[in-house]
Amino acid sequence: MSTELPSDPEESPPAPRPAPREVWKKGGRLLSVLLAVNVLLLACTLISGGAFNKVAVYDTDVFALLTTMLLLALLWILFYLLGTARCPGGVPYRDAHAGPIWLRGGLVLFGICTLVMDVFKTGYYSSFLECQSAIKILYPLTQAVFVIVQTYFLWVSAKDCVHTHLDLTRCGLMFTLTTNLAIWMAAVVDESLHQAHSHSSSHSNTSHTRLALDLERASSAVGGECSCDTAVCQIFQQGYFYLYPFNIEYSLFASTMLYVMWKNVGRLLASSTHGHSHAPSPLSLFRETFFAGPVLGLMLFVVGLAVFIIYEVQVSGERGRTQQALVIYYSFNIVCLGLMTLVSLSGSVIYRFDRRAMDQHKNPTRTLDVALLMGAALGQYAISYYSIVAVVAGTPRDLLAALNLAHALLMIAQHTFQNVFIIESLHRGPPGAEPHNTAPKEPCHGLTFANLDALHTLPACPPTPRLVGPSPAGPQEASSVIVAPRSHWRRRCLKDISLFLLLCNIILWIMPAFGARPHFSNTVEVDFYGYSLWAAIVNICLPFGIFYRMHAVSSLLEVYVMS
């Protein structure tokens, strides 16, 4: 959305850069994208090559590249904070939609967990310093400094619309984004190797002997030729592996915020205060719910934690206990996904009766949210469709196969209908944004509870959900008081729905993020596709499914606030 520059020469508001500087806007974006693509491809080549012993790329090469990228990104962030952001007129506008408080709060939470992971990783590599390269200790220390500086940078600058050093800022943002994606990819590869090595160790039979040897050699990226025998070393090792999901989420959260900043470089806004600045307090939000959604969501959350603990305890035991754990796991997920699908459908039906106008303004944050929801869901779609083919075309016809099939079908339905509900919610205007939101020219008399239906359709008397100032009760305030109960039940239902879905997505994020892998415990897909192919499918697609759950939580929190 653009605005006209003031014509009065004596007025001196913080004006954006002249128009000729923005003629090459698309060229500047293209340059930064080309830089990001090339750096990312180089990082992907080394990371993927260093994961296998047969490739002459060592883990020290990967650590050296990532450390160099972290240092370069740190230098640019410091230049931005100390130079670009302090230039006169450098940041004339701030996008109120970018960097909401819950997104920045999640970034801080995951950043703290990433710092703890770096401490564990430093302690782990320091346990056998005599046989390790110094770069393996330098990398987690550099990453810790990078996380601190980047978190501060995104907290204070996520809303900036920069109008100076345009091309340098675009390239710097894209390079920092690429650095976060490279860290994410390295964490995913390392965690995948650890999961595959654990599985091959627990299923060490003749069919997996060669794979186990390959994974044993490939896992040299974790410990090299040194052995982790002491209790302290093993605590450090297990600790930072359990904290990998937080590091993965931190990198993805930071990448999304950096992308929005990149889109806002050189952007013109009508007002720096454009957006929804009047957010109700959390206490008033909870008062506007029926409590059915939060209570049911908390019940499922607690039951899900119990199911997850039972699954983790029993899945590594004998065959009978493993099958029992899988039945409990699939049964809970089927119930949870079924309720989430029905609730999402109910929310979409409620929107059919919602008179709020659709918000069609240009909003890079909302566009990115929709793209991430649709793109991240593809990972779980892929796993589900592979499972459906394996169950339908495979030989087993037992209870576990039926539960697996129902789970895959409901996973597809739940992702689809939840995306529809969230995307429609994000495109709704704020409460009270009616299609005909014009102020009444004359007072409306004779308002009674008997003519609410007629009053709700009159364009001259629009409902006003929020009153400005403690003015005496006038005609407009009277119409607000009378009309408010009509849509109050819809707001409460939408808040309950968003809270219920939010809590369910949290528990469905916790299970796979902290090690629940029914994809390997259930041997239907492993026997049908073979372990190597199925492991590649799961290790590539599952991180996107985990990110989808966390991104859905942040989107549902925005839906909850704006309902």
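This report describes the fold, two salt bridges, several helix residues and the cysteines of a predicted model.

## The chain as a whole

The chain contains 563 residues, and 51% of them are buried. Its secondary structure consists of 19 helices and two strands. Among contacts in the chain with a separation of 6 or more, 88% join residues that are 24 or more positions apart. The accessible surface amounts to about 26,100 Å², and carbon and sulfur atoms supply 68% of this area.

## Two salt bridges

How many salt bridges does the structure hold? The count is two. One of them joins the side chains of Asp-160 and Arg-94, with an N to O distance of 2.5 Å. Asp-160 belongs to strand 2 and Arg-94 to strand 1, which covers residues 93-94, so this pair ties together parts of the chain that are 66 residues apart in sequence. Asp-160 is buried, at a relative accessible area of 4%, whereas Arg-94 is partly exposed, at 33%.

The other pair is Arg-170 and Asp-167, whose closest N and O atoms are 3.5 Å apart. Both residues lie in helix 5, where they are three residues apart, or about one turn of the helix. Arg-170 is buried, with 1% relative accessibility, while Asp-167 is partly exposed, with 29%.

The following table lists the two pairs.

| Salt bridge | N to O distance |
|---|---|
| Asp-160 and Arg-94 | 2.5 Å |
| Arg-170 and Asp-167 | 3.5 Å |

## The loop before helix 5

His-165 is found in the loop that runs between strand 2 (160-161) and helix 5 (166-202). What is notable about the phi of His-165? The angle is near 50°, a positive value in a residue other than glycine. Most residues other than glycine have a negative phi. His-165 is partly exposed, and its relative accessibility is 32%.

## Helix 11 and its surroundings

Helix 11 covers residues 292-314, and Leu-296 has its place there. The helix has 23 residues, and at 1.5 Å a residue it should span 33 Å; its end C-alpha atoms are 33 Å apart, so the expected span and the model agree. Its buried residues include Gly-293, Gly-297, Leu-300 and Phe-301, and further along the helix Tyr-311 and Gln-314.

Leu-296, by contrast, is partly exposed, with a relative accessible area of 34%. Together with Phe-291, Val-295 and Met-299, Leu-296 forms a nonpolar patch on the surface. The accessible area of these four residues together is about 370 Å².

Which residues does Phe-500 contact, apart from its neighbours within four places in sequence? They are Gly-293, Leu-296, Gly-297, Leu-300, Leu-339, Met-340 and Val-343. Phe-500 itself lies in helix 16, which covers residues 475-513. Among the contacts of Phe-500 is Leu-296, a residue of helix 11 that also takes part in the surface patch. Phe-500 is buried, at 2% relative accessibility. Phe-500 and Val-343 are 157 residues apart along the chain, and their C-alpha atoms are separated by 8.4 Å.

## Leu-81 at the end of a helix's numbering

Leu-81 is located in helix 2, which covers residues 59-82. Is Leu-81 buried or exposed? With a relative accessibility of 16%, Leu-81 counts as buried, because the cut-off for this class is under 20%. Beyond the residues up to four places away in sequence, Leu-81 touches Arg-86, Tyr-152, Phe-153, Val-156 and Ser-157. One of these, Phe-153, is 72 residues from Leu-81 along the chain, yet the C-alpha atoms of the two are separated by 7.3 Å.

## Cysteines without a disulfide

A disulfide is a covalent bond between the sulfur atoms of two cysteines. The structure holds zero disulfides. Why does Cys-504 form no such bond? The closest cysteine sulfur to that of Cys-504 is in Cys-336, at 3.9 Å, which is too far for a bond. The cut-off for a disulfide is a pair of sulfur atoms within 2.5 Å. Cys-504 is buried, with 0% relative accessibility. Cys-541 is buried as well, with a relative accessible area of 13%.

Technical notes. Residues are numbered from 1 along each chain as its sequence is written. This is a predicted model: local features need pLDDT of at least 70, side-chain atom pairs count only at pLDDT 80 or more; totals for chains, interfaces and linings use all residues. Side-chain values use heavy atoms; hydrogens and water are left out. Helices (H or I, at least four residues) and strands (E, at least two) are DSSP runs, numbered from the N terminus. Buried means under 20% relative accessible area, exposed over 50%, partly exposed in between (1.4 Å probe, protein chains only). Contact means heavy atoms within 4.5 Å. Accessible areas come from the Shrake-Rupley method with a 1.4 Å probe; for residues, only the protein chains shown count as cover. Patches are made of residues with over 30% relative accessible area and no salt bridge: like charges are joined within 9 Å, nonpolar side chains (Val, Leu, Ile, Met, Phe, Trp, Tyr) within 5 Å. The expected span of a helix is 1.5 Å times one less than its number of residues.
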